[in-house]
Structure formats: C-alpha cells, structure tokens
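Welcome, and please open your viewer so that we can walk through this protein together. At each stop there will be something to select and something to look for.

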Amino acid sequence: MTYGRNDQPRHRQQGNGSRPESDERNRTQRHNGNQFRASRPKTGYRFPPRIKPPREESKIYFIALLPNAETGKEIIRLKQEFAEKYDARRALRVLPHITMQVPFTASPELEKTLCPGLATFAASMQPFEIKLSGFGGFSFTKRKVLYINVEKNEGIVHLHQRMMDFLQQEFGFSHMLARYGFNPHISVAFRDLSDTEFELAMEEYKCRPFEAAFQVRNLYLLRHTGTSWEVLQKCRLGTAD
C-alpha cells in the first residue's frame, strides 16, 4: 500500500480493475458537494412525542336554600302532578330549592377551601323565615319556567347580597357569575315546556292558590354527579344554641 497527498490510504486496483466499494462510497459522499448523511434509525423518534398531562376533571356546583320536609313533600307532589299533566319531567330530577348562587363549573380542588369557607360565612348569618305565595313564570326562546313565588324579605335579600360579596372577594367569582340581581323562586317546571304548554300552564296556575312558610336554618352546597344533584355540604346559619 502506498500513500499519496494528505497521507490518505489509496487502495490498489484489484481483480478486473473495477472500483473498490470504498471508492464508490467516497464518490457518493462528494456527489454535488453534499456530505454523506447517515440514515435515521428505523426505531424510535427524532423528537420524543409530547406527553399531555391528564385533563383535570371539573364538577358543576350551585348554592341553594332548601324548604323543610313538609313543604318539600308538597312541592314534589306538585311537580309530579304537573309532569303527568304536561309531560314536563325535568324539574323532578332536582330537589325543591331556592337558588342563591347559579350553577358554576370548577375543579374538585375548590371543595377543600369552599366547603369550610362557606360554613364560616353561614355561621356569620342569622336564620330567617321564608314565605311562599302563588305561582309565576317567565319565557325565553329556549327556557320556559313555571315556579312558586318566594316573597322577598330582609332576611333573604341580606343573605344573598352578603354571599355575592363573599364569593367575589374570597374566591374571585366575577360579577357575571356572582350576580346581585335576584329573583327568588322554586321551579315546578323548566326547559321542557313547549310554547303552547307554557301558555296553558300559566293560564291554569296563575290564579291557583299556594301558601307555605318555613324557617331557613341552613345553606346548602350541591354538586352534580353526572346524572343528578347531591348535597355536598350543609352549612348552619348562625351559631348553635
């Protein structure tokens, strides 16, 4: 073997004078001025795939007042009667209640602070009486509601205003979510009424008497299970006697 310029080994021709395999590879490397690039391995990735973190599960909550057992049973009976007459059964899925904070979506992690915070807030308020009187309703394009009227009094208005302050200041609820506008009522039917059914129901119930009263002693935090609502926390108003 002899050595030429730059002391690079130069192979002698062998056999029938064909170019050795090493010379063919060198020629390929010099072709068009491009350097030889090794092929990528057939296994694995040039860039490892990004692993997405698991999507955080969210729950739906709302805050409400519930009537006592006797009044609650009478309202459930009215819901069943209404469902049989107008085939509007959606309201039967929910306990009779007065919404204090409309439904909101949040991580279950919020429960760790909201539950004790709401209990402390409720303890700073005082029990009061609620009176129910007659029926009412409202109709929007996709939402028609027939309800039992709740008489506004100082107790429920004060509780609602203070609770909106609490949710905005302590938990960052927006003014659009924690709304100061308040029309307390107990729904008998909602969302599954046609225009005709709603008009017929209002004509029947607007003059129908209904009177009840009960003492409000607790505030309730409810959570949706995916199929129904459950009471997550019962918060006593005022301090225990």
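Leaving aside neighbours within four places in sequence, which residues is Leu219 in contact with? Select Leu219 and show what surrounds it: the contacts are Ile63, Ala64, Leu65, Met100, Leu118, Phe121, Leu159, Met163, Gln233, Lys234, Cys235 and Leu237. Keep in mind throughout that you are looking at a predicted model.

**The whole chain**

Now zoom out and switch to a cartoon view. You should find 5 helices and 10 strands. Of the 241 residues in the protein, 35% are buried. If you colour by surface, about 16,600 Å² is exposed, and carbon and sulfur atoms supply 48% of that area. Among contacts with a separation of 6 or more, 74% are between residues 24 or more positions apart.

**The nonpolar core**

Go back to Leu219 and add Phe82 and Leu132 to the selection. These three have the most contacts inside the largest nonpolar core, which has 50 residues. Next, highlight helix α4, residues 154-171: this helix gives the most to the core, with 6 residues. Another core lies apart from it and has 6 residues; select Val94, Val145, Tyr147 and Phe190 to see some of them.

**Next to Leu219: Asn218**

Step back one residue to Asn218, which lies in strand β9. Is Asn218 buried or exposed? Its relative accessibility is 16%, so Asn218 counts as buried. Not counting residues up to four places away in sequence, Asn218 touches Leu65, Lys234, Cys235, Arg236 and Leu237. For a distance to try in the viewer, pick the C-alpha atoms of Asn218 and Ala64: they are 9.2 Å apart in space, although the two residues are 154 apart in sequence.

**Helix α3**

Select residues 111-123, which make up helix α3. At 1.5 Å a residue, its 13 residues should span 18 Å, and the end C-alpha atoms are 18 Å apart, so the two values agree. Now show the side chains of the buried residues of α3: Glu111, Leu114, Cys115, Gly117, Leu118, Phe121 and Ala122. It helps here to remember that an α-helix has 3.6 residues a turn, so residues three or four places apart point the same way. What covers the buried residues of α3? The cover includes β3 (59-65), β4 (98-106), α4, β9 (218-224) and β10 (229-236).

**Aromatic pairs**

The structure holds 11 aromatic pairs. Start with Phe82 and Tyr205: the ring centres are 5.4 Å apart and the planes are at 50°, so this pair is tilted. The pair links distant parts of the chain, with Phe82 in helix α2 (residues 69-86) and Tyr205 in helix α5 (residues 195-205), 123 residues apart. Both partners are buried, Phe82 with a relative accessible area of 0% and Tyr205 with 1%.

For another geometry, select Phe166 and Phe171. This pair is edge-to-face, with 5.6 Å centre to centre and 70° between the planes. Phe166 counts as buried at 13% relative accessibility, whereas Phe171 is partly exposed at 22%; the cut-off for buried is under 20%.

Before moving on, return to Phe82 and add Tyr86, Phe135, Tyr205 and Phe210. Together these five residues form one aromatic cluster.

**Salt bridges**

Side chains of opposite charge can pair when their charged atoms come close. There are 11 salt bridges in the structure.

Begin beside Phe82, at Glu81. Its side chain meets that of Arg208 in a salt bridge, 2.7 Å from N to O. This is a link between distant parts of the chain: Glu81 is in helix α2 and Arg208 is in the loop between α5 and β8 (211-216), 127 residues apart. Glu81 is partly exposed, with a relative accessible area of 21%, and Arg208 is partly exposed too, at 23%. Add Glu74 and Arg77 to the view, and you have a network of salt bridges that links them with Glu81 and Arg208.

Two further stops complete the tour. Lys59 forms a salt bridge with Glu57, with the closest N and O atoms 3.2 Å apart; Glu57 is partly exposed, at 48%. Lys112 forms a salt bridge with Glu109, where the closest N and O atoms are 3.1 Å apart. Here Lys112 counts as exposed at 59% relative accessibility, while Glu109 counts as partly exposed at 48%.

Definitions and conventions:
Residues numbered from 1 in each chain as written. Predicted model: local features only at pLDDT ≥ 70, side-chain atom pairs only at ≥ 80, totals over all residues. Heavy atoms only, no water. Phe/Tyr/Trp six-rings, centres within 6.5 Å; stacked < 30°, edge-to-face > 60°. Helix = DSSP H or I, 4+ residues; strand = E, 2+ residues; numbered from the N terminus. Buried < 20%, exposed > 50% of the residue type's maximum accessible area, 1.4 Å probe, protein only. Core = buried A, V, L, I, M, F, W, Y, C linked by side-chain atoms within 4.5 Å. Contact = heavy atoms within 4.5 Å. Areas by Shrake-Rupley, 256 points an atom, 1.4 Å probe, with all protein chains shown as cover. Salt bridge = Lys/Arg side-chain N within 4 Å of Asp/Glu carboxyl O. Expected span 1.5 Å × (residues − 1).
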